[in-house]
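Visitor: I'm new to this one, so could you walk me through it?
Guide: Gladly; here it is.
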Amino acid sequence: FLGIVLVAINPYEQLPIYEQDVIYAYSGQNVGDMDPHIFAVAEEAYKQMARDEKNQSIIVSGESGAGKTVSAKYAMRFFATVGGSASETNIEAKVLASSPIMEAIGNAKTTRNDNSSRFGKYIQIGFDKRYHIIGANMRTYLLEKSRVVFQAEDERNYHIFYQLCASASLPEFKDLGLSK
């Protein structure tokens with residue numbers, strides 16, 4: 001079964017359509033009652049989870065720079081807010097917190113995005129019987145392994161290579177055998 005499909009376009013600027021009051025406006029609404037929005041998709045998944053007591057999935061797909069990671073953050077912010085977890089545990093920050101080293105290893109420059117995540121992400125959010133978030137798990141997998149040895153014109157490989165080269169003279173990197 002395929003549910004709702006939302007086409008999101010990255011406006012490349014902050015818009016006031018993802019704030020707390022907008023979350024509350026979409027909470028409890030039926031799909032189609034309001035304008036298409038990531039919060040409408042999240043509300044439908046949340047409602048179906050509660051009604052059918054079955055796992056739900058939201059697939060966020062798109063080209064580089066389309067705003068997939070940001071859309072996932074907004075969906076989690078919605079779940080944290082309607083699930084009563086936002087102020088208690090700041091679950092959104094905990095789930096999406098990535099260490100700088102992971103970003104360096106998995107982000108690269110593409111022709112569409114100077115800091116494009118080359119990771120695929122699979123995020124599982126656990127809810128208790130009252131539909132409050134109780135935990136989450138994020139699995140990542142590296143995309144485009146070929147980028148290590150080949151990049152298209154005007155692109156570059158993973159940031160980690162440039163950061164290691166820039167840090168080659170630091171004492172803590174001496175054992176790595178990096179040179180000019």
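Visitor: How much area does the protein expose, and what share do carbon and sulfur atoms supply?
Guide: The protein exposes about 12200 Å², and carbon and sulfur atoms supply 53% of that area, as given by the Shrake-Rupley method with a 1.4 Å probe. Please keep in mind that this is a predicted model, in which local features need pLDDT of at least 70 and side-chain atom pairs count only at pLDDT 80 or more, while totals for chains, interfaces and linings use all residues. Residues are numbered from 1 along each chain as its sequence is written, and side-chain values use heavy atoms, with hydrogens and water left out.
Visitor: What percentage of the residues is buried?
Guide: Of the 180 residues in the protein, 28% are buried, where buried means under 20% relative accessible area, exposed over 50%, and partly exposed in between (1.4 Å probe, protein chains only).
Visitor: Switching topic, how many helices and strands are there?
Guide: The protein has 7 helices and 5 strands, which are DSSP runs numbered from the N terminus (helices: H or I, at least four residues; strands: E, at least two).
Visitor: Where is Ala 66 found?
Guide: Ala 66 sits in the loop between α2 (38–52) and α3 (68–82), and Gly 67 lies in that loop between α2 and α3 as well.
Visitor: Is Gly 67 buried or exposed?
Guide: Gly 67 counts as buried because its relative accessible area is 18%, whereas Ala 66, at 28%, is partly exposed.
Visitor: And what does Ala 66 contact?
Guide: Leaving aside neighbours within four places in sequence, Ala 66 is in contact with Ala 8 and Asn 10, contact meaning heavy atoms within 4.5 Å.
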